[in-house]
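Work through the following exercises with the sequence and the coordinates open side by side. Each one sets a task and then gives a solution in steps.

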Amino acid sequence: MPSVDTSIWISAPMDRVYEIAKDNASYPEFINDVQSVTVIEKQGNRVVADYVGIVPQFLLKVRWRQEDLWDDATHSSKFRQLQGDYDRLEGTWSFAEEKDGVRFTQHLDYEYNVPTLGVLVKKVIHGLVVKNLENIGAAIKKRAES
């Protein structure tokens with residue numbers, strides 16, 4: 001199963017970066033790959049939301065319901081798809097103070113199987129997933145630093 005890891009340093013206080021990340025309902029305002037997020041359930045640090053993502057290269061929309069479990073003590077989150085277009089989608093986000101800012105690290109395990117996809121197309125999809133995570137990191141950085 002494919003995995004992706006990304007990391008970005010953000011020149012902003014931990015509280016600001018972490019609160020931006022936790023506010024998933026606002027993602028469509030500043031993350032281009034996210035068309036909509038509809039919060040279905042919010043109880044403490046557990047959030048269940050329906051996502052619609054956009055893959056502009058293929059004029060494709062990807063839909064899934066995701067559960068996020070936020071840990072304020074460790075400034076981290078575990079998430080997983082409950083249902084949707086992926087065969088599997090789960091990962092972690094972590095935030096660590098570093099120098100005068102925050103290191104935002106993402107880890108994602110995913111599976112997106114279409115029976116007719118060849119190895120080349122799977123590599124293209126992997127590249128898109130990597131770019132998507134990089135875009136999320138850059139969008140959170142831009143919002144936190146502004």
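**Exercise 1: Two hairpins**

Task: In this predicted model, describe how strand 3 (residues 46-55) is joined to strand 4 (residues 60-71), and then how strand 4 is joined to strand 5 (residues 76-84).

Solution. Step 1: Strand 3 and strand 4 run antiparallel and are joined by 10 bridges; within this pairing, Tyr 51 stands opposite Trp 64 of strand 4. Step 2: The two strands form a hairpin with four residues between them, and in the turn Leu 59 has a positive phi of about 50 degrees. Step 3: Strand 4 also runs antiparallel to strand 5, with eight bridges joining the two, and Leu 69 has Lys 78 in strand 5 as its bridge partner. Step 4: Strand 4 and strand 5 likewise form a hairpin with four residues between them, where His 75 in the turn has a positive phi of about 50 degrees.

**Exercise 2: The whole sheet**

Task: Determine the strand order of the open sheet, identify its edge strands, and find what helix 1 (residues 14-22) touches.

Solution. Step 1: The open sheet has seven strands in the order 1-7-6-5-4-3-2, with antiparallel pairing. Step 2: Strand 1 (3-10) and strand 2 (34-43) are the edge strands, each of them pairing on one side only. Step 3: On average, and with direction ignored, neighbouring strands of this sheet are turned by 20 degrees against each other. Step 4: Strand 2 pairs with strand 3 in the antiparallel sense over eight bridges, and the bridge partner of Val 39 is Ala 49 in strand 3. Step 5: Helix 1 packs on the sheet, where it touches strand 1, strand 4, strand 5, strand 6 (88-98) and strand 7 (101-111), and the direction of helix 1 makes about 165 degrees with that of strand 6.

**Exercise 3: Salt bridges**

Task: State how many salt bridges a search of the whole structure finds, and examine the pairs Arg 46 with Glu 67, Arg 65 with Asp 50 and Arg 103 with Glu 98.

Solution. Step 1: The search of the whole structure finds nine salt bridges. Step 2: One of them is formed by the side chains of Arg 46 and Glu 67, at 2.7 Å from N to O; this pair links distant parts of the chain, since Arg 46 lies in strand 3 and Glu 67 in strand 4, 21 residues apart. Step 3: Arg 46 counts as partly exposed at 25% relative accessibility, whereas Glu 67, at 8%, counts as buried because the cut-off for buried is under 20%. Step 4: Arg 65 and Asp 50 form a salt bridge whose closest N and O atoms are 2.6 Å apart, and this pair, too, links distant parts of the chain, with Arg 65 in strand 4 and Asp 50 in strand 3, 15 residues apart. Step 5: Arg 65 is partly exposed, with a relative accessible area of 24%, and Asp 50 counts as partly exposed at 24%. Step 6: The side chains of Arg 103 and Glu 98 meet in a salt bridge at 2.8 Å, N to O. Step 7: Salt bridges with shared partners join Glu 41, Arg 46, Glu 67 and Arg 80 into one network.

**Exercise 4: A surface patch**

Task: Which residues form a nonpolar patch on the surface, and what is their accessible area together?

Solution. Step 1: The patch consists of Phe 58, Leu 60 and Val 124, with about 240 Å² of accessible area together. Step 2: Val 124 lies in helix 3 (residues 119-145) and is partly exposed, with a relative accessible area of 37%.

How values were computed: Residues are numbered from 1 along each chain as its sequence is written. This is a predicted model: local features need pLDDT of at least 70, side-chain atom pairs count only at pLDDT 80 or more; totals for chains, interfaces and linings use all residues. Side-chain values use heavy atoms; hydrogens and water are left out. Two strands pair if DSSP finds at least two bridges between them. A salt bridge is a side-chain nitrogen of Lys or Arg within 4 Å of a carboxyl oxygen of Asp or Glu. Buried means under 20% relative accessible area, exposed over 50%, partly exposed in between (1.4 Å probe, protein chains only). Patches are made of residues with over 30% relative accessible area and no salt bridge: like charges are joined within 9 Å, nonpolar side chains (Val, Leu, Ile, Met, Phe, Trp, Tyr) within 5 Å. Accessible areas come from the Shrake-Rupley method with a 1.4 Å probe; for residues, only the protein chains shown count as cover. Axes are lines fitted to C-alpha atoms, for helices over the stretch in contact, and angles run from 0 to 180 degrees between N-to-C directions. Contact means heavy atoms within 4.5 Å.
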